[in-house]
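Biologist: I would like to learn how structural words get their meaning. Can you take me through some, one value at a time?

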Amino acid sequence: MRIGIDAMGGDHAPDAPVSGAVMAMKELPASVRLVLIGDRDQILTVLKSKGADSSQFDIVHTTEVIGMGEHPTKAYTQKPNSTISLGFNMLKEGTLDAFASSGNTGAMLVGCMFTIKTIEGVQRPCITSILPKFKGGFGIILDVGTNADCKPELLYQFAVLGSLYFKNVYKNDSPKVGLLNIGEEAEKGNLLSQAAHVLMSDSKVINFIGNVEGRDFFNEKADIIVCDGFTGNVVLKEAESIYYLIKKRGIKDDYFERFNYENYGGTPVLGVNANVIIGHGISNDIASKNMILLSKNVTEARLSEKIREAFKAPMGVPAGDTGGLR
């Protein structure tokens, strides 16, 4: 298994991603090879400072980087030798099994759409975020930012993609899917949620348990909560701010420590033809390490292949439905 890492991506690059790679190597099996993409001299400097053996890594040299503030589409097309562009080209050529970056999120999504493409049958890819459960374990919410405006069919596909992710990576054969709404009753909500509720209720391939409310994010009611990317991103940022406020007040609490993004590292992009992991732009070495470990787990689960197989849908099912969870 070969995992590519954008060594120049994120606010604390190259130190954070390269240091994270050194930490990850201590937990990865010998069958995993890490490929650091970026400025060779800077990468070697960080490896030396960590006392790491550079021969344990492959280094793909480039000095071209897509900055966090650059326009994603323009930068991706105008910088073919950027770390992100090279990573996606290597994915397309099959010389990488996964590619992970904490760099420009928009450019990462452009790379997904332009280079490795969306899986046939998937209308739009999406990303997730972890919801720590109060009694232990966790759920996910999706989408959290890639699709601000959604149609009912798109929300339905998020439910299918989230279920495939949970089933194959987190080994839950029948995750409970809830639709985020302002009430539990089927007729509640706006036109989008009402129509999405009908699609999900008619499906035989997801374990739909009905509407859930904001108070259900951290309880046991649902494993997967589905919403549009605008709403999901607001939820994600609110959870981050709660954690930040608790830390600022000097409160130490085991449960709220599970809100720390460092614990999870990143999110796979669901619905594209390769294993792509996006990390938080402020990722430190611990978050970078966990992003790499997640990349290994997603690749090991053959997630993109399983989604591709699932979306070879039989005829006569709801729009966007798939028999892949049967």
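Modeller: Start with Thr 128, which lies in strand 5, residues 128-132. Keep in mind that this is a predicted model.

Biologist: Why is Thr 128 called buried?

Modeller: Its relative accessible area is 8%. Buried means under 20%. Thr 128 is therefore buried.

Biologist: Which residues does Thr 128 touch, leaving out those up to four places away in sequence?

Modeller: Ile 140, Ile 141, Leu 142, Val 144, Tyr 165, Thr 267 and Leu 270. Contact here means heavy atoms within 4.5 Å.

Biologist: What makes strand 5 an edge strand?

Modeller: Take the sheet first. It is open, with 5 strands in the order 5-6-9-7-8, and the pairing is mixed. Strand 5 and strand 8 (207-212) each have a single partner strand, so one side of each has no neighbour in the sheet. On average, neighbouring strands are turned by 25° against each other, direction ignored.

Biologist: How do you know that strand 7 and strand 8 pair?

Modeller: Strand 7, residues 176-180, shares 5 bridges with strand 8. Pairing needs at least two bridges. The two strands therefore count as paired, in the parallel sense. Val 177 stands opposite Phe 208 in strand 8.

Biologist: What packs on this sheet?

Modeller: Helix 6 does. It touches strand 5, strand 6 (138-142), strand 7 and strand 9 (224-226). The direction of helix 6 makes about 150° with that of strand 6. Angles over 145 degrees count as roughly antiparallel, so helix 6 is roughly antiparallel to strand 6.

Biologist: Is Leu 164 buried or exposed?

Modeller: Leu 164 is found in helix 6, residues 152-169. Its relative accessible area is 2%. The cut-off for buried is under 20%, so Leu 164 is buried.

Biologist: Why is helix 6 called oblique to helix 11?

Modeller: Helix 6 and helix 11 (residues 303-310) pack at about 135°, with axes 10 Å apart. Roughly perpendicular ends at 115 degrees, and roughly antiparallel means over 145. The angle fits neither class, so helix 6 is oblique to helix 11. Their crossing is right-handed.

Biologist: Which residues of the two helices meet?

Modeller: From helix 6, Leu 161, Leu 164, Tyr 165, Asn 168 and Val 169. From helix 11, Leu 303, Lys 306, Ile 307 and Ala 310. By class, the contact has 7 nonpolar, 1 polar and 1 charged residues.

Technical notes:
Residues numbered from 1 in each chain as written. Predicted model: local features only at pLDDT ≥ 70, side-chain atom pairs only at ≥ 80, totals over all residues. Heavy atoms only, no water. Helix = DSSP H or I, 4+ residues; strand = E, 2+ residues; numbered from the N terminus. Buried < 20%, exposed > 50% of the residue type's maximum accessible area, 1.4 Å probe, protein only. Axes fitted to C-alpha atoms, helices over the stretch in contact; angles between N-to-C directions. Parallel < 35°, antiparallel > 145°, perpendicular 65-115°, else oblique. Left-handed = near helix turned anticlockwise from the far one by under 90°. Nonpolar A, V, L, I, M, F, W, Y, C, P; charged D, E, K, R; others polar.
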